[in-house]
Amino acid sequence: MSGTRSSGLLALGGIALAAVLAVVGHLEVNDNLNPWSLTVSDFAVSDRGGVIDAAMAVLAAATIILLPALRRAGAGPLAGALLVAWSAGLMAAAVVPTNEPGLPMDAAAYVHRYASVVAFLALPVAGWLLARRLGGRAAGWVRGLVLTSLVLAAAMVWSAYPGDRVLIGLAERLLILAEVALLAVVAGTLLRHQIGEVAVPRLREHPHLAELAAPAQDRELTPARGA
């Protein structure tokens, strides 16, 4: 199995594990917590260092696993930097807790909030940049999930400020679902294709490389001078 496909498989496994941990984390918390009006961070702080924090760390690690394969497939440095920002934001949010629901925000809570904002915004932009490189149906799915993520992020911002936190928990969970699905599409594309298949658009952009990529027996042989 190529390094690209191995990276896709490991990343998909990490994404699936993170999803399972997040669900378990919601089932184990206090029954008084309302998932529609409270954020995932509100649930996580009630079980500090528990499975929801672990889910964020696993998801960050799954993203980092993808980076070498994406570079080999032709992803630009900006997309890679944005994926690192997404991973760093997740890790910071996992390590630095928000405040307990109903308490005034302290310095740690502000760090947690803005780390989450960086993560939520960095991944959709990275996905948009990666869509052209992925090509085919994967590109369409990624672009659709990017637009969905941005709409849900706007809904969450509205709820957090003028909306008096109405259904902020629902908006955030749908946003997380869209962004995790985006990451899964990228990982799944790498799993299905060898590097050469992902790089086909690059050969089309540079036709002179196609001859070098073709098997030797398929190239036209030029008789040796003097034969």
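Contact here means heavy atoms within 4.5 Å. The model is predicted, with local features needing pLDDT of at least 70 and side-chain atom pairs counting only at pLDDT 80 or more, while totals for chains, interfaces and linings use all residues. Residues are numbered from 1 along each chain as its sequence is written, and side-chain values use heavy atoms, leaving out hydrogens and water.

**Exercise 1.** Find which residues Leu-59 is in contact with, leaving aside neighbours within four places in sequence, and place Leu-59 in its core.

*Solution.* Start with the partners: Ile-15, Ala-18, Trp-86, Leu-90, Val-180 and Leu-183. Next, take the nonpolar cores (buried Ala, Val, Leu, Ile, Met, Phe, Trp, Tyr and Cys residues joined through side-chain atoms within 4.5 Å); buried means under 20% relative accessible area with a 1.4 Å probe, protein chains only. The largest has 36 residues, and Leu-59, Leu-66, Leu-70, Trp-86 and Val-186 touch the most other members. Finally, helix H3 (51–72) is one of the elements giving two or more residues to this core, and H3 gives the most, eight. Helices are DSSP runs (H or I, at least four residues), numbered from the N terminus.

**Exercise 2.** Work out what surrounds Glu-179 and whereabouts its nearest opposite charge lies.

*Solution.* First, locate Glu-179 in helix H7 (residues 168–192). Then list its contacts beyond four places in sequence: Trp-86, Ala-119, Phe-120, Leu-123, Pro-124 and Ser-149. Lastly, check for a salt bridge (a side-chain nitrogen of Lys or Arg within 4 Å of a carboxyl oxygen of Asp or Glu). Glu-179 is buried and has none; the nearest side chain of opposite charge, Arg-173, is 14 Å away, with Lys and Arg counted as positive, Asp and Glu as negative, and His and the chain ends not counted.

Definitions and conventions. Buried < 20%, exposed > 50% of the residue type's maximum accessible area, 1.4 Å probe, protein only.
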